[in-house]
Amino acid sequence: MLISPCGINCESCDFFDSCGGCHAIQGKPFYLKDFGVEVCPMYECPVIKKGFKSCAECAELPCQIFYNWKDPSMTDEAHLASINERVGILKEVKL
């Protein structure tokens, strides 16, 4: 299982075959242009700024970035469920 810095199973993503995961593309998925950023904040903070492999190494897990960086197509309930699932995965695999 290939886990992104924020706890998403990259291999379950519809775009995995074309990108290879967040680490392979250095946190720059194609959809970021729609949000006006160059690097995903969920990659930039732990990997670039803090030198971690993932958010699992951070004492602030889950931080405000988890709550702010929301897929606009998700309901608030689905977003919170996603955060809980990803935090659980990060704690389980200890990336």
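Aspartate 14 counts as exposed, because its relative accessibility is 74%. Exposed means over 50% relative accessible area, buried means under 20%, and partly exposed lies in between (1.4 Å probe, protein chains only). Areas of this kind come from the Shrake-Rupley method with a 1.4 Å probe, and for residues only the protein chains shown count as cover. Aspartate 14 sits in the segment before H1. Helices here are DSSP runs of H or I with at least four residues, strands are runs of E with at least two, and both are numbered from the N terminus. From aspartate 14 to glycine 36 the C-alpha distance is 22 Å, with their positions 22 residues apart in sequence.

A word on the source. This is a predicted model, in which local features need pLDDT of at least 70, side-chain atom pairs count only at pLDDT 80 or more, and totals for chains, interfaces and linings use all residues. Residues are numbered from 1 along each chain as its sequence is written, and side-chain values use heavy atoms, with hydrogens and water left out.

Stay in the segment before H1, where proline 5 is also placed. Proline 5 counts as buried, because its relative accessibility is 1%. In sequence, proline 5 and isoleucine 89 are 84 residues apart; in space, their C-alpha atoms are 11 Å apart.

Next comes the loop between helix H1 (16-19) and helix H2 (41-49), which holds tyrosine 31. Tyrosine 31 is partly exposed, because its relative accessibility is 32%. Together with Phe15, Phe30, Phe35 and Val37, Tyr31 makes a nonpolar surface patch of about 440 Å². Such patches take residues with over 30% relative accessible area and no salt bridge; nonpolar side chains (Val, Leu, Ile, Met, Phe, Trp, Tyr) are joined within 5 Å, and like charges within 9 Å.

Glutamine 26 lies in the loop between H1 and H2. Its phi is near 55 degrees, a positive value in a residue other than glycine. Most residues other than glycine have a negative phi, and most peptide bonds are trans. The peptide bond from leucine 61 to proline 62 is cis, with omega near -10 degrees. Proline 62 belongs to the loop between H2 and helix H3 (64-68).

Serine 54 is in the loop between H2 and H3. Serine 54 is buried, because its relative accessibility is 1%. Its C-alpha atom is 10.0 Å from that of histidine 23, although the two are 31 residues apart along the chain.

Farther along is helix H4 (residues 76-93), where leucine 90 is found. Leucine 90 is buried, because its relative accessibility is 0%. Leucine 90 and cysteine 55 are 35 residues apart in sequence, yet 7.4 Å apart in space, C-alpha to C-alpha.

Now the spaces. A 1 Å grid over the protein atoms alone defines them: a cavity is a set of points where a 1.4 Å probe fits but cannot get out, a pocket is an open set with protein on both sides within 12 Å along at least five of seven lines, and lining residues have an atom within 4 Å of a point. Grid points are joined across faces, edges and corners, and a volume is the space filled by probe spheres set on the points.

The largest pocket holds about 830 Å³ of space. H1, H2 and H4 are the elements that give two or more residues to its lining. The lining has 30 residues, and Ile8, Cys13, Tyr31, Trp69 and Asp71 lie nearest the pocket's centre. It divides into 20 nonpolar, six polar and four charged residues. Here Ala, Val, Leu, Ile, Met, Phe, Trp, Tyr, Cys and Pro count as nonpolar, Asp, Glu, Lys and Arg as charged, and the others, Gly among them, as polar.

The whole structure has one cavity of 30 Å³ or more. The largest cavity has a volume of about 60 Å³. Its lining includes Cys45, Cys55, Cys58 and Cys63, along with Lys50 and Glu60. Seven lining residues are nonpolar, none is polar and two are charged.

Last, the charges. A salt bridge needs a side-chain nitrogen of Lys or Arg within 4 Å of a carboxyl oxygen of Asp or Glu. The count by this rule is one. Aspartate 76 pairs with lysine 70 in a salt bridge, and the closest N and O atoms are 3.9 Å apart. Aspartate 76 is exposed, because its relative accessibility is 52%. Lysine 70 is partly exposed, because its relative accessible area is 27%.
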